[in-house]
Number of protein chains: 2
Amino acid sequence: MAALPTYADVEAAAGRIAGVAHRTPVLRSRLIDEQVGAELVFKCENLQRIGAFKFRGAYNALSKFTPEQRRAGVAAFSSGNHAQAVALSARLLGIPATIVMPIDSPASKLAATKGYGAEVITYNRYTESREDLGRALAEERGMTLIPPYDHHDVIAGQGTAAKELFEEVGPLEALFTPLGGGGLLSGTLLAARALSPETRVYGVEPAAGDDARQSLERGEIVRIETPVTIADGAQTQYLADQTFAIIRRDVTGILTATDAELVDAMRLIATYMKLVVEPTGALGLAAVRNALPDDLRGKRVGVIISGGNVGIDRFAQLLAR
Amino acid sequence: MAALPTYADVEAAAGRIAGVAHRTPVLRSRLIDEQVGAELVFKCENLQRIGAFKFRGAYNALSKFTPEQRRAGVAAFSSGNHAQAVALSARLLGIPATIVMPIDSPASKLAATKGYGAEVITYNRYTESREDLGRALAEERGMTLIPPYDHHDVIAGQGTAAKELFEEVGPLEALFTPLGGGGLLSGTLLAARALSPETRVYGVEPAAGDDARQSLERGEIVRIETPVTIADGAQTQYLADQTFAIIRRDVTGILTATDAELVDAMRLIATYMKLVVEPTGALGLAAVRNALPDDLRGKRVGVIISGGNVGIDRFAQLLAR
């Protein structure tokens, strides 16, 4: 395994994305605080470019391409937000991009990726391996493959969200982060351990796909079937070598949230914070509501909202009752 | 008529609300820009405390109360957001509050106002006069009445939103502002004329209730029946003396938007900006899409999103198709 990224890599990434990625706002809601019994600060990556934190990692990775790599182009496989992140980054940097996406991706994500000028190739996520497809494609066309989380520069880029959060609000008692393949959580851990070492950092994955929790218990990467959950951004089957190594070393704990809990959290965020978040983006708040350790009551707790890319019809449908 | 507020009053208001009101984010969407054909900057007052700009004016007005006024309390009549604004401001300043609200206000607004500890008295907006009710109440209890827009300090407070916008993004070619009773538009005009005098400032009211447009044409305040529109924050029947005087003096023009155009704008904002806005809050973007003057194509244009207080079930219902 290559050397793991460090906080110095997060700092370098922050320099590369400065002025290109948004410095997303940190928002609060007194009414959610009252319901939860803690003082919550939300880092709103649903307000990031392409509607999710993924832009940070993708832009960081692509901006390190050599002139040869830029000419040959970038390939990526993604359940959605990484696709848009690579597509937009490639367009901004003048790099051709081909994206492999699940055929059942939200229509909004497919359309957005094409809208950024990328070529899109679809596959069936329940029967085909996106890694194999992506690698074959990259080899065939001489393109550089940028995976959604198993990549040094992607992890370092994702860490810039938590870096900004700590810079803005200072130390936190705890921080809750959505967890799929572990890119955001790994980057968050690098930032937290450097900037606020006492912070308890929790990763939150869908209850239907708790491979990270199982992996930590077993001490090795556990592979599961593609989980069936509304949190399509966290439908990952296993952690990567790098994300597992960082998470195992630095995380406080792994929590889970059910689909019903995600919908409740989405409704709360829409009602009191006026934000549209995708199901995956609500994992952090769902866990805070569900499983806030007693000694965090009344304390200052961070929540990363990872993204807002849900078709608005789907959003309305999920929240209808 | 009392002396009209000036930009100096807006500056003083900014000092009073500093650290209490949120300095709301200014957000952009490349995809909306492409659709509209201009470079839009959105001042997001749906992310303000109580979910709307109204907090600015109410807090400014209440913070100027004498000790006697504070003890006797504040009364207000409001279709919703001003109610919450007065209720929260009163709570923060330790002032008792009684609010007169339409019985058909969104349940979310009624509940929020009570949640801030205010006493709520309801009335029928189609048959009763809220001014008469509010004044009788204020007299009976010795409370100070703070109207939603016909008030020097309220107008000055509302102007702080545009002040922040210009401070953050610099001069703008044009600025589109929702228009009900004219408090936000008047305050915006005071800020714009001082900070960016060349900016064309448009007020946007519901097509079903274009009393301000009629008033400007006739040169006097025109009263209309309570308009039936989904823009419940702009269901006003007439401008006030102060807001009419400022608007007549300084506005570039009055535009309108239909309910269908508001729903389309709400959908666009939810899809591309990940924000929940109430129908009234979408007036500015609806007008930009509908009636952007040709010479504003490609130019830098501001849009004030006034609020986000729509029940989430209602929001889902409006956007369903």
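Begin by selecting Asn124(B), which sits in the loop between strand S5 (119-123) and helix H7 (130-141) of chain B, and keep in mind throughout that this is a predicted model. Colour the residue by accessibility if the viewer allows: Asn124(B) has a relative accessibility of 29%, and it counts as partly exposed because that value lies between the 20% under which a residue is buried and the 50% over which it is exposed. Next, show the side chain of Asn124(B) together with the backbone of Tyr126(B), where the side chain reaches the backbone nitrogen at 2.7 Å. Then add Met101(B), which is 23 residues away from Asn124(B) along the chain, although the two C-alpha atoms are separated by 8.6 Å.

Now move to the contact between the two chains. Select the residues of chain A and chain B that meet, and 27 residues from chain A and 27 residues from chain B should light up. Together the two chains bury about 2,100 Å², with 60% of this area on carbon and sulfur atoms. On the chain A side, pick out Arg30(A), Lys274(A) and Ile312(A), since these residues supply 31% of the area that chain A buries against chain B, more than any other three residues.

For the polar side of the contact, display Glu34(B) and Arg91(A), whose side chains form a salt bridge with an N to O distance of 3.4 Å. The count between chain A and chain B is 2 salt bridges, and there are 8 residue pairs in polar contact, counted where both residues have pLDDT 80 or more.

Which helices of chain A each supply at least two residues of the side that touches chain B? Select helix H2 (30-36), helix H5 (81-93), helix H12 (259-273) and helix H14 (312-319) of chain A to see them. The largest share, 5 residues, comes from H14(A). Colouring the side of chain A that touches chain B by residue class divides its residues into 14 nonpolar, 5 polar and 8 charged.

Finally, zoom out to the whole of chain A, whose secondary structure comes to 14 helices and 10 strands. The radius of gyration of chain A is 18 Å, close to the 20 Å that the globule rule gives for 321 residues, so chain A is as compact as a globular protein of that length. Its C-alpha trace spans about 55 × 45 × 40 Å along the principal axes. Of the 321 residues in chain A, 65% are buried, and among the chain A contacts with a separation of 6 or more, 73% are between residues 24 or more positions apart.

Notes: Residues numbered from 1 in each chain as written. Chains lettered and ligands numbered in written order. Predicted model: local features only at pLDDT ≥ 70, side-chain atom pairs only at ≥ 80, totals over all residues. Heavy atoms only, no water. Contact = heavy atoms within 4.5 Å. Buried area = accessible area lost by both parts, 1.4 Å probe. Salt bridge = Lys/Arg side-chain N within 4 Å of Asp/Glu carboxyl O. Polar contact = N/O pair within 3.5 Å; in protein donor to acceptor, adjacent residues only side chain to side chain. Helix = DSSP H or I, 4+ residues; strand = E, 2+ residues; numbered from the N terminus. Nonpolar A, V, L, I, M, F, W, Y, C, P; charged D, E, K, R; others polar. Buried < 20%, exposed > 50% of the residue type's maximum accessible area, 1.4 Å probe, protein only. Rg over C-alpha atoms; globule rule 2.2 N^0.38 Å.
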